[in-house]
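Me: I should like to go through this model term by term. For each label, please set the value against its definition.

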Amino acid sequence: MSDARRAITILGSTGSIGRNTVELIEARPDLYRTEALVANASADLLADQALRLRPRLAVLADEAALPRLRQLLAGSGIETAAGAQAVIEAARLPADWVMAAIVGAAGLAPTLEAVRRGVVVALANKECLVCAGSLMMAEVAAHGATLLPVDSEHSAIFQVFETNQRHAIDKIVLTASGGPFRQKSLEDMRAMTPAQAVAHPNWSMGAKISVDSASMMNKGLELIEAHHLFALPEDKIDILVHPQSVIHSMVAYADGSVLAQLGSPDMRTPIAYALGWPRRIASPAPKLDLASIATLTFEAPDPIRFPALGLARAALQSGGSAPTVLNAANEVAVAAFLAGRIGFLDIAATVEKTLETMTLVPLGGIGDVLEQDRAARHCAQALIDTLA
């Protein structure tokens, strides 16, 4: 008898999104079976997940960690592999649904492989659309894939976006918590430490994404992502600071209606939506209690204290390789900040200087994207070496 369960591959299973996805799949063995799990270097956690979900294949990007993984999975019957090519091969396995949650530009190639199989791809990697949005969406269309956004903001828009009323959409509004430095002065922000930057008031996320939230670069990246996901021009995408993180985003229509998706700030909700789509499945996320929250507040983002937003808008307007350079420079600068080599305000300054220094070019293919990404990282690193 054939197995009617949905076959799942998780690219990035040991990160925050991946761990939540594993939790949801593990709770419903009647609905899902696991084809492959892919992680970077966390052999112990990957082995634990593999023994719980029993995938056909467990893959590490870091080849040095493979012996440990093989030791932990010896006798289990689960195949193991490592390296960049092994990650891509995992994305090619016959899963019906692929979670694309590898952080950064490293997620681009395996996500593209999953898209080319024409399956449902749950996209939790902003950089795929930031670095190569037009190319990625062309591949989605060419291969008949379905791209489901997993970011809470884009999932919210997806849920209330009336595609048959596209002509009547006035704008979409991405909400932002404002991060841990929402009320800090520029002088205060200059002295902020990595530990303070990753202490997000609402969400539990990885260090890089938490720093992006503190600088509001995450919202700039989401603006570029939304442009590609929903085929809307930059001037129809607004950003609004909403500290309670209850309204996850909104769509405003020409008749004055504004449709919003609300929920507790818990990533298991948008993951469950993507995992169950086109149905809905239960999630262990806490239920929203508006009476106990009592007050929802909103404010415009401050472009002076959070220059990353303006940099992202300008990159989207410039087009070509500008968003790729923006993303690469930001990744390098955030890593340098987390390592204590530069200050918090140096992140946006490094991104801006990299964009000014680089010669921006059109992107004809994924090779161009990867070359611009490489060159931008080299440029940003040289700038940081000067600062440090």
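Reply: The buried residues of helix 10 are Lys208, Ser210, Val211, Asp212, Ser213, Ala214 and Ser215. This is a predicted model, in which local features need pLDDT of at least 70 and side-chain atom pairs count only at pLDDT 80 or more, while totals for chains, interfaces and linings use all residues. Residues are numbered from 1 along each chain as its sequence is written, and side-chain values use heavy atoms, with hydrogens and water left out.

Me: What makes helix 10 largely enclosed by the rest of the structure?

Reply: Buried means under 20% relative accessible area, against over 50% for exposed and in between for partly exposed (1.4 Å probe, protein chains only). Helices are DSSP runs of H or I with at least four residues, and strands are runs of E with at least two, numbered from the N terminus. Of the 9 residues of helix 10 (residues 207-215), 7 are buried, and therefore the helix is largely enclosed. The cover includes helix 6 (126-143), helix 9 (194-197), helix 11 (217-230), helix 14 (308-318), helix 15 (322-338) and helix 16 (345-357). After helix 10 comes Met216, with a positive phi near 65°.

Me: Why is Cys131 not bonded to Cys128?

Reply: A disulfide is a pair of cysteine sulfur atoms within 2.5 Å. The closest cysteine sulfur to that of Cys131 belongs to Cys128 and is 7.8 Å away, so the distance is too far for a bond. By this rule the model has 0 disulfides. Cys128 is buried at 1% relative accessibility, and Cys131 is buried at 3%.

Me: What is the largest nonpolar core, and which residues have the most contacts inside it?

Reply: A nonpolar core is a set of buried Ala, Val, Leu, Ile, Met, Phe, Trp, Tyr and Cys residues joined through side-chain atoms within 4.5 Å. The largest such set has 88 residues, and Ile172 and Leu326 have the most contacts inside it. Helix 15 gives this core its largest share, 10 residues. Contact means heavy atoms within 4.5 Å; beyond four places in sequence, the partners of Ile172 include Phe161, Phe230, Met250 and Val251.

Me: How do you know that helix 15 is close to its expected span?

Reply: The expected span is 1.5 Å times one less than the number of residues. Helix 15 has 17 residues and reaches 24 Å from its first C-alpha to its last, close to the 24 Å expected. Of these 17 residues, 15 are buried.

Me: Why are strand 8 and strand 10 called paired?

Reply: Two strands pair if DSSP finds at least two bridges between them. Strand 8 (residues 169-176) and strand 10 have 5 bridges in the antiparallel sense, so the definition is met. One bridge joins Ile169 to Tyr253 in strand 10. Strand 10 also pairs with strand 11 (residues 258-262), again antiparallel over 5 bridges, and there Ser249 stands opposite Gln261. In the hairpin of strand 10 and strand 11, with 4 residues between the strands, Gly256 has a positive phi near 95°. In strand 10 (residues 247-253), 7 of the 7 residues are buried.

Me: Why is Met192 called buried?

Reply: Met192 has a relative accessible area of 13%, and therefore counts as buried. Met192 lies in the loop between helix 8 (186-190) and helix 9. Leaving out residues up to four places away in sequence, Met192 touches Phe181, Phe337 and Phe344.
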